[in-house]
Each structure stands twice: as C-alpha cells, then as structure tokens.
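Hi,

Here's the structure I promised to pass along. Have a look at it first, and then read on for my notes.

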Amino acid sequence: MRSDPPTPPSETQLRQLLAAALAVRHRAHAPYSGFPVGAALLADDGKIYAGCNVENASFPVGLCAERNALGQAVARGARRILAGALVCEGEPLPCGMCLQALSEFAGPDTPLLLATPDGRKRQLRLGDLLPHGFRLQRS
Ligand code: THU
C-alpha cells in the first residue's frame, strides 16, 4: 500500500520554520568551531521541532543541528518530515550524514530552506542534495 504524497507546507509554515531555526541557533553549544547552527523540521503532526549543534571536547562526539532536530521529532512520535530549515553563516548546506539521516523520514521533494542569520536564503529539495541516499535492501 502506498501513502498519498504529503501536502506541501504553506508559506506561513515555512516562515515559522525559519524563525524556529534562527531562534534555536542561539542555543548552540559550539565552543570548538565557533560555528553555531540552527535547524527546524516540520513534521506530519503539524508541529515544528528545532535543534542546534551540540559540540563536545571529544570532537567526533559532536551532534549536528539537523540530527538533533530529527531526534526531537522522532522521540515525540513524528514519522514523516514535510520540510526543513537550516540557519548558519556562510553557505548553509546540511552535511552528508544529516542528509542521509533526513532521508529516512523525508522524500526527495521535501523542501529545505537554507538561510543565513542576515537573511540570505534559498530553497532546495532533499533530492537535489542527496539524489542517491542509501536504502537497506536485502536480496
Ligand atoms: N554542523 C551542523 O550542525 N550541521 C551541518 O549540517 C554541518 C555542520 C555543525 C557541526 C559543528 O558543530 C559545526 O557545524 C562546524 O562543523
């Protein structure tokens, strides 16, 4: 059985996503990189889940903002991500690990708003950034 394609998020929801990502970025724990990141995800329950990067003195232990937001959403029962927003300096783009993590719960047409704190922004699809995500297939 196939589920219906999710309805695209409204302009209001996209604005709210961006605001949530911008706000949570201020909570980032990024003393090692000095690079705070905020992410927000709109889930199928209509709620917005936000996360920031959480670094650690043991550098590889650090967590990206997107996967933090995803953990918040899944822990509260969400199973489908309808849109995402990412805010950081420079050229905001989710890392490969976060794209793979998102692809578990979002489809290739899922819109991702990529923005800087000073208001530059663009919108891409998850499938633009991760055209060939890994899927577990056993023969
Ligand atoms: N970072 C994220 O939070 N998301 C990404 O997609 C890429 C990088 C964080 C990890 C680290 O805390 C800091 O940005 C610098 O790499």
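Below is what I found, starting with the sheet and then moving to the ligand. One thing to keep in mind throughout is that this is a predicted model.

The sheet is an open one with 5 strands in the order 2-1-3-4-5, and the pairing is mixed. Strand 2 (48-52) and strand 5 (121-125) are the edge strands; each has a single partner strand, so one side of each has no neighbour in the sheet. From one strand to the next, the twist averages 20°.

If you want to trace a pairing yourself, try strand 1 (residues 38-43) with strand 2: they run antiparallel and share 5 bridges. G38 has C52 of strand 2 as its bridge partner, and L41 has Y49 of strand 2. The hairpin of these two strands has 4 residues between the strands, and G46 there takes a positive phi near 85°.

Helix 1 (residues 11-25) lies across strand 1, strand 2, strand 3 (81-87), strand 4 (111-115) and strand 5. Helix 1 runs at about 145° to strand 1.

Now the ligand. Which residues surround the ligand? They are S33, F35, V37, N53, E55, C64, A65, E66, L93, P94 and C95. By type, that shell divides into 7 nonpolar, 2 polar and 2 charged residues.

Three polar contacts are worth displaying on your screen:

- The side chain of N53 has an N or O atom 2.9 Å from an oxygen atom of the ligand.
- For E66, a side-chain N or O atom is 2.6 Å from an oxygen atom of the ligand.
- C95 uses its backbone instead, with an N or O atom 2.9 Å from a ligand oxygen atom.

As for how much of the ligand is covered, on its own it has 370 Å² of accessible area, and the protein covers 74% of that.

Happy to go through any of this with you.

Cheers

Technical notes:
Residues are numbered from 1 along each chain as its sequence is written. This is a predicted model: local features need pLDDT of at least 70, side-chain atom pairs count only at pLDDT 80 or more; totals for chains, interfaces and linings use all residues. Side-chain values use heavy atoms; hydrogens and water are left out. A residue is near a molecule or strand if one of its heavy atoms lies within 4 Å of it. A polar contact is a pair of N or O atoms within 3.5 Å; within protein, one must be able to donate a hydrogen and the other to accept it, and residues adjacent in sequence count only if both atoms are side-chain atoms. Accessible areas come from the Shrake-Rupley method with a 1.4 Å probe; for residues, only the protein chains shown count as cover. Ala, Val, Leu, Ile, Met, Phe, Trp, Tyr, Cys and Pro count as nonpolar, Asp, Glu, Lys and Arg as charged, and the others, Gly among them, as polar. Two strands pair if DSSP finds at least two bridges between them. Axes are lines fitted to C-alpha atoms, for helices over the stretch in contact, and angles run from 0 to 180 degrees between N-to-C directions. Contact means heavy atoms within 4.5 Å.
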